[in-house]
Number of protein chains: 4
Amino acid sequence: MLSTLPVHATADSPKKPRAPDLHGRLLSSRQLSLALAAPLSDEDQTVQPMDDASPTKWHLAHTTWFYESFILKPNLPDYREFAADFEYCFNSYYESKGARQPRGRRGLLTRPSAQQVRDYRAHVDRELGRLFTEGFVDDGPDPLVAMLELGINHEQQHQELLLTDILSLFAYQPLRPAYREPQPKPEPQVAAEPMQFIAFDGGIRGIGYDGSRFSYDNEGPRHDVLLYPYRLADRCVTNGEWLAFMEAGGYGEPLLWLADGWTTVKSQAWDAPGYWEERDGVWHQMTLEGLLPVDPRAPVTHISYYEANAFANWAGKRLPTEFEWEAASAGYEVAGNDLGTGALRPRPAGPGNGRLTQMFGDVWEWTSSAYLPYPGYRPAPGAVGEYNGKFMVSQNVLRGGSCATPTGHVRASYRNFFYPQQRWQFTGLRLAEDAA
Amino acid sequence: MLSTLPVHATADSPKKPRAPDLHGRLLSSRQLSLALAAPLSDEDQTVQPMDDASPTKWHLAHTTWFYESFILKPNLPDYREFAADFEYCFNSYYESKGARQPRGRRGLLTRPSAQQVRDYRAHVDRELGRLFTEGFVDDGPDPLVAMLELGINHEQQHQELLLTDILSLFAYQPLRPAYREPQPKPEPQVAAEPMQFIAFDGGIRGIGYDGSRFSYDNEGPRHDVLLYPYRLADRCVTNGEWLAFMEAGGYGEPLLWLADGWTTVKSQAWDAPGYWEERDGVWHQMTLEGLLPVDPRAPVTHISYYEANAFANWAGKRLPTEFEWEAASAGYEVAGNDLGTGALRPRPAGPGNGRLTQMFGDVWEWTSSAYLPYPGYRPAPGAVGEYNGKFMVSQNVLRGGSCATPTGHVRASYRNFFYPQQRWQFTGLRLAEDAA
Amino acid sequence: MLSTLPVHATADSPKKPRAPDLHGRLLSSRQLSLALAAPLSDEDQTVQPMDDASPTKWHLAHTTWFYESFILKPNLPDYREFAADFEYCFNSYYESKGARQPRGRRGLLTRPSAQQVRDYRAHVDRELGRLFTEGFVDDGPDPLVAMLELGINHEQQHQELLLTDILSLFAYQPLRPAYREPQPKPEPQVAAEPMQFIAFDGGIRGIGYDGSRFSYDNEGPRHDVLLYPYRLADRCVTNGEWLAFMEAGGYGEPLLWLADGWTTVKSQAWDAPGYWEERDGVWHQMTLEGLLPVDPRAPVTHISYYEANAFANWAGKRLPTEFEWEAASAGYEVAGNDLGTGALRPRPAGPGNGRLTQMFGDVWEWTSSAYLPYPGYRPAPGAVGEYNGKFMVSQNVLRGGSCATPTGHVRASYRNFFYPQQRWQFTGLRLAEDAA
Amino acid sequence: MLSTLPVHATADSPKKPRAPDLHGRLLSSRQLSLALAAPLSDEDQTVQPMDDASPTKWHLAHTTWFYESFILKPNLPDYREFAADFEYCFNSYYESKGARQPRGRRGLLTRPSAQQVRDYRAHVDRELGRLFTEGFVDDGPDPLVAMLELGINHEQQHQELLLTDILSLFAYQPLRPAYREPQPKPEPQVAAEPMQFIAFDGGIRGIGYDGSRFSYDNEGPRHDVLLYPYRLADRCVTNGEWLAFMEAGGYGEPLLWLADGWTTVKSQAWDAPGYWEERDGVWHQMTLEGLLPVDPRAPVTHISYYEANAFANWAGKRLPTEFEWEAASAGYEVAGNDLGTGALRPRPAGPGNGRLTQMFGDVWEWTSSAYLPYPGYRPAPGAVGEYNGKFMVSQNVLRGGSCATPTGHVRASYRNFFYPQQRWQFTGLRLAEDAA
C-alpha cells in the first residue's frame, strides 16, 4: 500500500505531524510487535502452517526490513545494513526489490534465528532513532514523514496477521495450544438481541478518505457514488444464527451457493466455519485462548465470502456493498472491540437502540464489492507502488477491522481485501437489504 | 441465465412476440447449430481438449436437453422423453436437476453417439413443433414464450462456444487442422489507422436493459450509475500494437502485472497471446482456418484479463468499466463482424472518423468491472435461476460480442463474463483513460 | 521388447521360419486388429479414458507405425512414407525416434481420422506384402525375419491392450456400453471346487526361454535359479473367495496391506476390485459384455498387486515368485481360456484332479517378483533396445496370459509387468505357500 | 523392523547379553542422540523441510515413544505415561497404535516444545533404568532383551536420519548454514586411484544373518542363493567420475535411463547429484559443514537409484545385486568411515591393493535388487511386525552403511531400502560386471 500522504494529506494538512510525536508512535508500534510475540517460544515463531500464514519471526523481520529498505537506506547516509542476506529472506512480494524466499517456504528459515531477528529489530530501531535525533525528520522532506507513517501502518497490518497466523498454526496442532490462558467471560449465556434493520437514504455520497492524516492509496481518490436506499442490520450475524443455518442444512443445499463456493464446500468438506469442531455433541471453535465452546451471542467468524454470501441468500437478505457500508458509517466513532480491548475475540453486541453497533472491531465484514480501483486511482511509482494496486482482481472488500486490529489502524474508508475462499482472518458478516 | 421477460419485458411489451415468428427463429437457430457442426467428423465432435471446452456433440445435446427439460416436459402433456439417461449425460451445471456427468469428463461420452444426438435433436425439434402446431404457444402463457426465447438465446451462447471449443481442440492437435479452408483476405498488409480517443461526459447514466425484447436477468434491473468524464479508444488494440508490447519486454516486467497475473505468466510460461507460435521467426496464430501468420492490423485476441490489464498499464492507459462502455455505446447500431459475416476471425478496423468502431463483433472486450449483480437483482426461483447469478464472483465482465457470436445475440447491455486467466474465447481489449 | 531371435533363436534354430508362413501369420495378425476394432464406432476408437489406456485408433496406428519405422523404411528401398506427421502422432515411447504426442494426450487426435488410420494400415500392409513378393524376406537377412516376428508379437500385445483399454473407456461412461452383447453362460451357479495345493520340489531350475522360436529379450538369458520346496494352488482365487475377504473387512484392515497399498486404498477409496459396483445389494462388474453380476466361481480380476498381496496375507498364504510359477508350469501345455476361445472373460476352473489349472489364459497372475533383468541381460542396441529393459524398476511380474491375450502369444517363460497399483488389465492371483 | 532375536539369536546364542552391558549400551545410545542434536537450536529442531525428512525434535521424541510404547508400558507395572497426547504426536507409522500426526505435518508441532521433548527423554531414560535396577531385565524374559536391542537399533537408524534430515533442511535455506564448522581436510587434491575390478566365483552362497547378535527380521531367514561369477569395483564411484558423466551429457541422454528415471530427470530438472550447485563455474555440494567445493576423489553421494543405474549404463557396467555384494563382503571387517570417525562426509578411498575398499561406511551402495522378502520370511505378530515387511514393494536395497551410520549398526547382511527417486540420504554406488 502506498501512502497517499504526499499526494493529498500533507498538501492540505492543517498541521504537519511533528517528529517527536511520530517517533513516539513509531517506538510504541515497534514495541507492540515484540509484546505480541512475547508469549510465543522461538519454535512457535518459526513454523509456517500454510502458504497464507507466515511465521511470527518472519513478520517481525519483514516489518523491520521494510524500514531498512524503504527508509534507512535511502535516507540515512551512513546507514550500515544489518545483514546482506536478509533482503532475500524477508522481502515479501516486492518484485522491484528482487528475488526472495518463496512465500510457501518462509517457515523453513530456522536461520536467521529468532534472537537474530530481535537483534535486527534493535539495530533498525536504533538507526530509526538517529533519523530523528540527527535531524533528518524534523528538517526532512515530507515524503520521509509519509514513509514513516506507512511503516507504522504496515507494521500494524502485520500485527494483526501475526495473531491470525499463530492461531492458524495452533489450530493445526494436535495439542490445540492457547496463545494465552482463557480470560473469564462474565456475560450470561442468553440470546442476542433480535437483529434490527436501519434504513439509509439513497443519493450521491462521497466515498474515500478525505481527511488530513494517513490513509492508503486504495482509499482514494475521494469520489462520488450513487446509492439506492438500503437497510443495514444493526449488528453482525451471530454464532447462534449461524448454527440455525447449519441446522437448516445450509452447507448441503447447492442452490444457496455461488458455483465456486459450492465447489469449495465439496472439495474442502466444509460443514461449519473455520476452526469449528464438534466435541461430545457441542460445537467448539479454536481461538487464541484455545479450543472453547462456541458462544451463540458472539459474531460468527472465520467464514469465507462464499459462506457469507450463502448465509445471506438463506436469510433472504444480501451483503452490503462497500459503499453502503462506508456511507452508513458516517457519524459513528471509529472505536470498538479492536486489539486495544485485549479481548482477542469478537464479543456479543450490546443493544443497538436504533443505531448500528459493531461497525469497528470484532470482525471484518465481507461486502459484496469486488476489490477494484476507485476512479482516477494510480499506484505510486517505485516499490511502494506495489503495495495495493497489484492485488485488484478476484478479491472482495472487507470493512471495519476486527478484534485483532491495532487501535487506530482502521478508518471508515479503510479497505481490506481477501480471496473469497479465505477464512483464517477474523471475518464475519452484516446483512443488508434494499429499502425500496 | 434466466430470461427477464416475465418480469420486465412482457410487462411493458408493446407487442407480444407472435408464435409463427418465434417458431421460425427457433427452427433457424436449431439449424444453425447443425450447420456449425457439419464440417466436423463424429470424432471431432466427441473429444474434449480441456475442462473449459466441451465437445461439439455435447453442445448439440445439451442445448436440446435444455428444451426437453425446461420446456417440453413441463408444457407438452404427452411428451415422451427421448432417453432416460440423457439428463445425466447432458445437464451442464443445474444442481436442481440432479447428478450429472462431471464437466471434465464430457469428452468420455462416445455413447450416445453423434448420430444418436442428431436423432435426439430431430425428436425434440419435432416435439417443439407440436408446441406450436397444437396451440400451446399461441394460447400459452407468457412464461412459455419467455422460456422459448431463453432456449434460443441459450443455444446461441453454445454456438459461440462450439466454435471456440473446437478451435481449442484443433490447437492441441499436432496436425493443426483447419475448421474450414482459409478464405482469401484481400486487405493490403499496411498499418492500422492510429488509435484515437473519443471523449464522453460524466454524470448519471442509465445502465441495463430497458427494451421490450429478450434480455438476460443479469442485464437488469435498469438503474442509474454516476460516471466521471472519460475517453475511449475508437478501435480495439491490434496485433501490431501487441507485438510492440512483446518486443518491449511486456511479458517479462512484473511491475506491469497484477500479482495473480504475474504468477500465471510464470507458471504457464506465457510469452504471447493464446494460440500464438513462432515458426521460422514469424508469429502465427491458430485460427478456425488453421495456423496463419498474425495480421498486425487485426485486433489482438485470445488474451486473458491479466494480459489486457498489463498491456493497458504499459500503454499508460486503463481498461474501461462496463458502465463506461455501455454508456458510450448509446446511439451505435448493434452490428459488426459477428458470426453472420462469415469471417470467423476479427478483422482490421476501418477508419473511425471520430466515432467508435468495432464495438460489436470482432472480439469480446475485457472491462475492468467485476461481474456483480446490479442493485435490486434477484435470481429467478427454480432451475433457470441458476443461469447467471451463481457465477457472480471472481470473474470480469466483457462486452460487445465477437466474430463467433450469432447475429442478434448481443445488445449494448449484454454482459459476458470469464475468469481473469481464461483466454480460449475471442477476447480482446479497448483502451480507456480519464478525461479530467 | 527386443526380439532375441538374432541372438539365440536363429543361431541354433533347426528350421528357419519360411517366408510364406510368416507372411500368412503377419496378415492374420493384421486382420485380427481390425476385427477387434470392428464393433466400435469411430468415436469409440478415438477417446482416451486415462493415461494408461490408449484409444483404439491409436493402437491401430501405432502398431502400423512400428512396421513402417522399424521394417519398411530400413528394408524396402523405395518405400514411400504414408504421412510425415504420423511418426510424431504414433510413436509410443521410443526416445531414439524423437518427439511424440504426449501419452496422456493421445485421445486428442481426432485427426488423423479413424478412416485415415485404416488407409494407413492398408498402405503399410500392401508394402509389407511387397517385402515378401519382391523377395526381401526370402533372401533377406535373419534380422529382418526377427523384426517381423517382433512386429507380430508387438501387435498382439496391443490387441490385448485394445480390449482392456476400451473396457476402461466404457466403464467410465454412464451408459456402461457393452463391447459385445452378453453371451449365454450355461454354467450352473454352484460353488467352485475347493482350492488344492500342489507340491513342488526345490533345487536348481532352469529359467528363461530355451526354445528356437520367438521370445522377448527379457525372457533371457536362460539361467539357473535355486528354489526352495513350495506349493501352488491348483487354480486362481475366485470372486467368491474375494467376496469373503471383503466381508471379513479386508479393505479396512491396514495390517494386511503393504504401506503403499494402504495409502492407495485410502486415497482411491477402494473397497472392491476394479469395475465392481453394487446395485440393489448385488455386486456387479463392468465387463466387455457390459455390467453383469459377479460370478462367484470365476477368477477374480482387475485387482492390483497391493490387493493380491493383501488377500494372500489374509489367507495366510503368499504369492508365488515368477521362478516358482515358471518351474511349476513345466510339462503343461500352453493353452487355456485366451482370446481364441472368444469368451472375453475369465471362466470358472474345472476340477484340478491333482494338476494345476488356469495356468494359461483367464487372468494374468501377479507374482511376488519384481521385474528385473536376468543375469547377463543386455538390451539390444538401437531403438528396439528400448522395448523392455527401460521398464525394469518398480514393477512386478505377471505370468500366464489372460482371456484377452491372442492365442500363441504367451509362453511359460513370458514375463508381463505392471506397476503395483495398476488394475485395468485382466489381473488376478494364484496362492502359494512354503512346502517345508 | 522386528528383531529376530527371539527366533534365531537367543536360541543358539552362546552367551546371553548381560543386563549391565545392555544398560550401558542403551544409555550411550540415548546420549548420542542428544549429542547429535546439541549443535542445533530449538528452531532448527522443529522444522520439517519435506515429507521424507522429519524434524530433529520429532526424531528425539519418536525414539523415546518407541521405548515407552513397546517396552515400558508392557513391562514396567507401575509405569506412568509422560503425556497422553504424545502417542498421537510421535507414532510414526504403526497402524496398530492408532491415529497419528500426518507424516507431512510433523513440522507443525511447535508444541510439545524441544525442552518438553528433552524432559520426556529424561523421564523415559529414568524409567528404563528402573527396568534394570528393579530386576526386570536380569530376570526378565528374552523377548524384553530383544525389544531393548531393537530399541537401540531403532534409535540408531533415527540418528542417521537426524543428520540427513537436518542437512536437507539446511540445504533449503538461503543462508546454507553449516551443522558444524568445516574441519581441515589435509588430503592433497590429486586424482583417485584407478578403479580395479575384483573377481568372485559363482555358485551357491548363504545369504542372510547367521550370527547370534541382533539383526533385523528382513535379514533372514538365512538361505542359499545361486550366483554367477562376477566382478566388483574395488571402490565406490567418485565425484570426479561423476563429473565426467555429466560432461559427457549423461543427464541429457534418454537412452541411458530407465523410463521412470528419465521422467524424473525431466520433471525435476536434475542435472547433477542432490545438493550440488554451481557457483562461479565451480560445482559445490551442500554438506553438514555447509556449502563446499566438490572433492573429485571422494565418493559421489546424494544420488538416486535412477542416476546410479544410468551411470552404470554409461560406464558399460551394471550395479551389483544385493547377494553379490553380501557374498563379496565375506571376510571383510565391518569397519569404515561411519559416524564414529567424525568425518560426517564420504572420504576418498585408499589404495585397494587387490581388495575391496569402502564396503562399510562412506555411502550406502545402491544394488539392483528390489527390496523383497527372503524365502520363508514372516513378519512378527503385533505392532513391531510393521517394522520392515510392509515396505517390501517398489524400493531397492542398499548395502554397507554410510558416513552417518552409528558405529556398530550395520552388518554384512544389513538391508537398507529406499525408493528409486530418493536421494537425500548418503547414497552412492559401486560398479559390477559379469565375469563370464
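Trainee: Let's start with α6(D): how many of its residues are buried?
Mentor: Keep in mind that this is a predicted model. Helix α6(D) is mostly covered. Out of its 31 residues, the number that are buried is 27.

Trainee: And how far apart are the end C-alpha atoms of that helix, α6 of chain D?
Mentor: The helix runs over residues 142-172, which makes 31 residues. At 1.5 Å a residue, a span of 45 Å is expected. The model agrees with that, because the end C-alpha atoms are separated by 45 Å.

Trainee: Staying with chain D, which strands stand at the edges of the sheet made of β5, β6 and β7?
Mentor: This is an open sheet of three strands in the order β5-β6-β7, with antiparallel pairing. An edge strand has a single partner, so one side of it is left without a neighbour in the sheet. In chain D that describes β5 (276-279) and β7 (290-293).

Trainee: What is the average twist in that sheet from one strand to the next?
Mentor: The strands follow one another as β5-β6-β7 in chain D. From one strand to the next, the twist averages 40°.

Trainee: Which residue of β6(D) is the bridge partner of D:E277?
Mentor: β5(D) pairs with β6 (residues 282-287) of chain D in the antiparallel sense, over four bridges. Within β6(D), the partner of D:E277 is D:H284.

Trainee: Moving to chain C, is β8(C) largely enclosed or left open, and why?
Mentor: Look at both faces: C:W364, C:W366, C:S368 and C:A370 are buried on one side, and C:E365, C:T367 and C:S369 are buried on the other. That makes seven of seven residues buried, so the strand is largely enclosed by the rest of the structure.

Trainee: Which residue in β9(C) is the bridge partner of C:W366?
Mentor: β8(C) has a parallel pairing with β11 (residues 427-428) of chain C over two bridges, where C:E365 stands opposite C:G428. With β9 (residues 396-399) of chain C, the pairing is antiparallel, over three bridges. There, the partner of C:W366 is C:L398.

Trainee: What is the relative accessibility of C:F360?
Mentor: This residue sits in the loop between α10 (322-328) and β8 (364-370) of chain C. Leaving aside neighbours within four places in sequence, C:F360 has contacts including C:W325, C:V334, C:G400 and C:R411. C:F360 counts as buried because its relative accessibility is 4%.

Trainee: How far is the C-alpha of C:F360 from that of C:Y332?
Mentor: The two residues are 28 residues apart along the chain, and C:Y332 is among the contacts of C:F360. Their C-alpha atoms are separated by 9.2 Å.

Trainee: Now the copies: which C-alpha of chain D is nearest the axis that relates chain D to chain A?
Mentor: Chain D superposes on chain A by a rotation of 180° with 0.0 Å of shift along the axis, at an RMSD of 0.0 Å. That is the relation of a two-fold axis. At 2.4 Å from the axis, the nearest C-alpha in chain D is that of D:E43.

Trainee: And what percentage of the interface residues of chain C are also interface residues in chain D?
Mentor: Chain C superposes on chain D by a rotation of 180° with 0.0 Å of shift, and C:S394 comes closest to that axis, at 2.2 Å. The copies meet through the same surface, because the shared portion of chain C's interface residues is 97%.

How values were computed
Residues numbered from 1 in each chain as written. Chains lettered and ligands numbered in written order. Predicted model: local features only at pLDDT ≥ 70, side-chain atom pairs only at ≥ 80, totals over all residues. Heavy atoms only, no water. Least-squares fit on C-alpha atoms with pLDDT ≥ 70 in both. Expected span 1.5 Å × (residues − 1). Buried < 20%, exposed > 50% of the residue type's maximum accessible area, 1.4 Å probe, protein only. Contact = heavy atoms within 4.5 Å. Pairing = 2+ DSSP bridges. Axes fitted to C-alpha atoms, helices over the stretch in contact; angles between N-to-C directions.
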